[in-house]
Amino acid sequence: MKSMPLERRGISNSRLVYGCMGLGGDWAGSPLTKEDYITAEKAVEAALEIGITMFDHADIYKKGKAETVFGEVLKNRPDLRDQIILQSKCGIRFPDETGVHRFDFSKDHILASVDGILSRLGIEHLDVLLLHRPDALMEPEDIAAAFNTLRSAGKVRHFGVSNMTSAQMRFIQNSLPEPLVVNQLELSLARLDWIEQGILVNQKAGLNTNFADGILEYCQMADVQIQAWGPLAKGLFSGAAKVDSPETVKNTAALVAQLAAQYEAEPEAVVLGWLMKHPARIQPVIGTTDSKRVLACRDAVRVADAMTRETWYALLESSRGVRVP
Ligand SMILES: NC(=O)c1ccc[n+]([C@@H]2O[C@H](COP(=O)([O-])OP(=O)(O)OC[C@H]3O[C@@H](n4cnc5c(N)ncnc54)[C@H](OP(=O)(O)O)[C@@H]3O)[C@@H](O)[C@H]2O)c1
C-alpha cells in the first residue's frame, strides 16, 4: 500500500490521530477539575499505547479548556512534546461581546489565536495549523501574511484546512509559498456523502448528496493528507445503536460485530478499517474520551489491510440500505 501524504512530506505522523475535542470537561466554561485531568491523561496514555503520535485540537474546543488540560498532561510528561505532532485549528469565533457567531481568517485573528493555542498547550511551536471552516470573507493574501509571520517566528511549521472544497483550497494555495498539507472533513460509515457524490454521478438519487465534488481526487493528486473527523460515527456501529435506531444502523452494527469476530478485532477497528481501506489513505481522528474505546481502535490498520473489496462494499451497502447502482 502507498505511504501517507504527511509521511511523504517528511512530517512524522501516525495512521490514527487522537481528537481532543472531548477533553476539558464541559462547554459552559466551568473550571477544569481533577477528573477532567485524569480523563485526559488516561486518553493520551491509551492513544500512545496504540501507536498514536498525532493529536488534534482547536482553539474553540471546550472554549480553550481542551488545550489547557492537554497542556497540563504535557507539563507532567516533559519528554512527550518531542515525540508527538500537535495540530490545532483557528477561524471559528463564538459569540463574544459582539454577540455574533462568525468565521475569521483575518491576519490579526489568526495571529492572536495561535498565541492563545501555544500558551494553553504550553509549547513553543505548533506542528500543523488548520483553518477550521471556510470564512465567507476570506482573503488569501491576508491568510498568506499571517502564515508567513507565524512561520518566520517559528510558531507554526505547516498549514492546512478543514471542511473545504478543492476550489477553496486552490484559492488559498494560490497565495501561499508552501503547500497546504491537510484537509480535515467529516467522513464515516454513517455519513456517506463523500462516497455517494462519486458513485451517484448521473443518477437522480445523487441530487441529494452534499459533498464537494472532486475534493477526494484533488487531495490525492496534490498530496494533501485527508483526515476524517467523526470517524467512529458516535459509536453507532460499535455499541451505541438503540432498539429504535434505523434498521440500516442495526444491520450494519450486526455486520460490524460479525466482521470484528472474523478479524479478531473490536468493532471500532472495523469501522475505522473501512475508512482506512480507501486509497486516499484517510487518517481517522478518533474523538472518544474513553480509554477502553481508544484501545479498541488498536487493530484498525490490520483490519484495513485484511478487508477485501467485497467486504468493503458489503459494509457500504448495509449502511446506505440499498445496493450501489
Ligand atoms: N474539523 C472539524 O470541523 C471537526 C468537527 C468535529 C470534530 N473534529 C475532530 O474530530 C475528532 C473526532 O470527532 P467526534 O468526536 O465527533 O467523532 P467520533 O470519534 O466519531 O466520536 C466520538 C464520540 O462518540 C462517542 N462514542 C464512541 N463510541 C461510542 C459508543 N460505543 N457508545 C457511546 N458513545 C460512543 C464518544 O463518547 P465517549 O467519549 O464517551 O467515548 C464521543 O463522544 C474530535 O475530537 C475533533 O478533534 C473536527
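**Exercise 1.** What volume does the largest pocket have, and which residues lie nearest its centre?

*Solution.* The model is a predicted one.
Step 1. The volume of the largest pocket comes to about 780 Å³.
Step 2. Its lining consists of 39 residues. Nearest the centre are Met 21, Trp 229, Gly 230, Lys 234 and Gly 287.
Step 3. Two strands each supply at least two residues of this lining: β8 (180-186) and β10 (283-286).
Step 4. Sorted by class, the lining of the largest pocket holds 16 nonpolar, 14 polar and nine charged residues.

**Exercise 2.** Describe the second largest pocket by volume, lining and contributing elements.

*Solution.*
Step 1. The second largest pocket encloses about 440 Å³ of space.
Step 2. It is lined by 23 residues, and Ile 195, His 278, Pro 279, Trp 312 and Tyr 313 are the closest to its centre.
Step 3. Two or more lining residues come from each of α7 (193-199), α8 (215-221) and α13 (309-320). The largest share belongs to α7, with five residues.
Step 4. The classes in this lining are 12 nonpolar, five polar and six charged residues.

**Exercise 3.** At what angle do the axes of α2 and α3 cross, and which residues make the contact?

*Solution.* Two packed helices are described by the angle between their axes and the distance between the axes.
Step 1. For α2 (residues 34-49) and α3 (residues 65-76), the axes come within 9 Å and the crossing angle is roughly 65°.
Step 2. Angles of 65 to 115 degrees count as roughly perpendicular, so α2 is roughly perpendicular to α3.
Step 3. The crossing of α2 and α3 is right-handed.
Step 4. On the α2 side, the contact is made by Asp 36, Tyr 37, Ala 40, Glu 41 and Val 44. The α3 side contributes Val 69, Phe 70, Glu 72, Val 73 and Asn 76.
Step 5. Of the residues in this contact of α2 with α3, six are nonpolar, one is polar and three are charged.

**Exercise 4.** Give the geometry of the packing of α4 with α5, then the make-up of their contact.

*Solution.*
Step 1. The axes of α4 (residues 107-121) and α5 (residues 140-152) are 8 Å apart, and the helices pack at an angle of about 30°.
Step 2. The crossing of α4 and α5 is right-handed.
Step 3. From α4, Lys 107, Ile 110, Leu 111 and Val 114 take part. They meet Asp 142, Ile 143, Ala 145, Ala 146, Thr 149 and Leu 150 of α5.
Step 4. The contact of α4 with α5 divides into seven nonpolar, one polar and two charged residues.

Terms used
Residues are numbered from 1 along each chain as its sequence is written. This is a predicted model: local features need pLDDT of at least 70, side-chain atom pairs count only at pLDDT 80 or more; totals for chains, interfaces and linings use all residues. Side-chain values use heavy atoms; hydrogens and water are left out. On a 1 Å grid over the protein atoms alone, a cavity is a set of points where a 1.4 Å probe fits but cannot get out, and a pocket is an open set with protein on both sides within 12 Å along at least five of seven lines; lining residues have an atom within 4 Å of a point. Grid points are joined across faces, edges and corners, and a volume is the space filled by probe spheres set on the points. Helices (H or I, at least four residues) and strands (E, at least two) are DSSP runs, numbered from the N terminus. Ala, Val, Leu, Ile, Met, Phe, Trp, Tyr, Cys and Pro count as nonpolar, Asp, Glu, Lys and Arg as charged, and the others, Gly among them, as polar. Axes are lines fitted to C-alpha atoms, for helices over the stretch in contact, and angles run from 0 to 180 degrees between N-to-C directions. Angles under 35 degrees count as roughly parallel, over 145 as roughly antiparallel, 65 to 115 as roughly perpendicular and the rest as oblique. A crossing is left-handed if the near helix is turned anticlockwise from the far one by less than a right angle, and right-handed if clockwise. Contact means heavy atoms within 4.5 Å.
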